[in-house]
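Please open the model in your viewer and keep the selection tool at hand. The tour goes from one selection to the next.

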Amino acid sequence: MTDQTSPETLKSAARALLKEAALVAGEWVAAGPDAVEVEDPAEETILGRIPKLSGDQVSQAIAAAARAFPDWSGRKGKARGEFLHRWAELVARNEQGLAALISLENGKPYPEALGEVRYANSFISWFAGMAERLDGRTIDSANAQDLILAFREPVGPVAAITPWNFPAAMITRKAAAAFCAGCTVVLKPASATPFTGIALAALALEAGLPEGAFSVVTGAQDVVGGALTGSAAIRKLSFTGSTEVGRKLAAQCAPSLKRLSMELGGAAPLIVFDDADLDVAVEGTVAGKFRAGGQTCVCPNRVYVQKGLRDAFLEKLTAKVAALKVGKPFEDGVAIGPLIDAKGVAKVEDHVARTVAAGGTVLTGGARHERGGRFFQPTVIAGGDDALFCDEETFGPLVPVFAFDSEDEVLERANASDYGLAAFLFTDDLNRALRVGRRLEAGIVGVNSGLISNAANPFGGVKQSGFGREGSTYGIEDYLQVKSLTLALR
Ligand code: SIN
């Protein structure tokens, strides 16, 4: 625990925020008899239930977002910023309860969940500060009489579909930017972890967001996703999730030509050169890889170490990884919680088996954890075939380490993937950092750090990892469109 609050107190703070209801057009819709069950992955028990909304109910939420849009977009940026500041204040005041809720529905260790709430809130604060600064431009025209005014206007009602690995941060990264721009939002949180998003929406209402400007719709992906993508009133979809689902959603959005932001899968390479600081490289690898138990799109999926440093790197890495404590989210000193579901565990197991079959050697871990359930041992494997990790995200606590000789060779291997979200390199040579960093085919590159997620950092991928940027001064552009007005002056 990072503070002295007992697990029982934290859990009761979480339960006070846990609402078994969707938010449709300003009304709470309680879970009915055909509700969707939400599990606690650490205990493998039912945490609560959320409504399985019908297409009509989702359409009501969309209609409310469309009705609320003229009022919300017509308010001064300062007023929208003030709402965001109030929302951030309420999130900060409830951070323990929100963090405990994340731990209960996602399984993340409580201190890490608290870090996520603060990370989530940094997006609200970031966009609160930006709301007053959405200036347009005046443009000179070749035509002597003309003056062109370019306005940046909100795109309209937005749909956000978010994943289970960051039940708070992936929501605020989208919703805060949308509200800042003047858009209204219909959110579909992941069915595995909906309660944090529902609690965030309740706090947004308490902070003064007008009715209908924020709905949270829950239920079956095909029904809810279908209604959101099929609606002409929704002008933009922002999605974080797998490339496979992203492609389907993009196709469903094509008839209504929605704007899209797609933050999809990754298979991040992490490269350690001989001239790197060994301790920094090992620390960075562990911090990046084991965040959320390896269940992030940006975590290193494959590690390449130059031959001169390989043995020392493996020795230190293995010792550190072997010392990581696996356990339930409210136990002391736990670094890795359960994986989200049984499928996730089976995938890590499969990646271990395939790497060993390809000649890899397990240096630590390599199997399901003795605690059973969804727990997996933190694992390091040396050698094997890196092709598997170029093509598939492990999404679990496995670090495969491969050796390389030269800069050109490792760049070719690092870029030999259809994905291009994050990449990492460790070197003490600034020229190399810039040279290699620029040549890596990824949207986000970390140099001498495995943790690059930050509200100020433009977050997003290239290739099959998607497009659009979230957070940062660039992130607002995904929610704005330019309108020009030409004045023929006399
Ligand atoms: C992700 O895994 O999709 C997001 C991680 C982050 O924001 O750092």
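How do the residues of the shell around the ligand divide into nonpolar, polar and charged? The shell holds six nonpolar, four polar and three charged residues, where Asp, Glu, Lys and Arg count as charged, Ala, Val, Leu, Ile, Met, Phe, Trp, Tyr, Cys and Pro as nonpolar, and the others, Gly among them, as polar. The model is predicted, with local features needing pLDDT of at least 70 and side-chain atom pairs 80 or more, while totals for chains, interfaces and linings use all residues. Residues are numbered from 1 along each chain as its sequence is written, and side-chain values use heavy atoms, without hydrogens and water.

Select the ligand, then the 13 residues around it (a heavy atom within 4 Å), of which Tyr119, Arg173, Arg291, Cys297 and Ser453 come nearest.

Now show the side chains that offer an N or O atom to a ligand oxygen (a polar contact is a pair of N or O atoms within 3.5 Å): the distance is 2.3 Å for Ser453, 2.9 Å for Arg291 and 3.0 Å for Arg173. Taken alone the ligand exposes 260 Å² (Shrake-Rupley method, 1.4 Å probe), and the protein buries 100% of that.

Hide the ligand next, and look at the space that it takes, which is the largest cavity. The volume of the largest cavity is about 90 Å³, and among the 14 residues that line this cavity, Phe166, Met170, Glu263, Cys297 and Phe459 are closest to its centre. A cavity here is a set of points, on a 1 Å grid over the protein atoms alone, where a 1.4 Å probe fits but cannot get out, and lining residues have an atom within 4 Å of a point.

Terms used. A polar contact is a pair of N or O atoms within 3.5 Å; within protein, one must be able to donate a hydrogen and the other to accept it, and residues adjacent in sequence count only if both atoms are side-chain atoms. On a 1 Å grid over the protein atoms alone, a cavity is a set of points where a 1.4 Å probe fits but cannot get out, and a pocket is an open set with protein on both sides within 12 Å along at least five of seven lines; lining residues have an atom within 4 Å of a point. A molecule sits in a cavity or pocket if more than half of its atoms lie within 2 Å of its grid points. Grid points are joined across faces, edges and corners, and a volume is the space filled by probe spheres set on the points.
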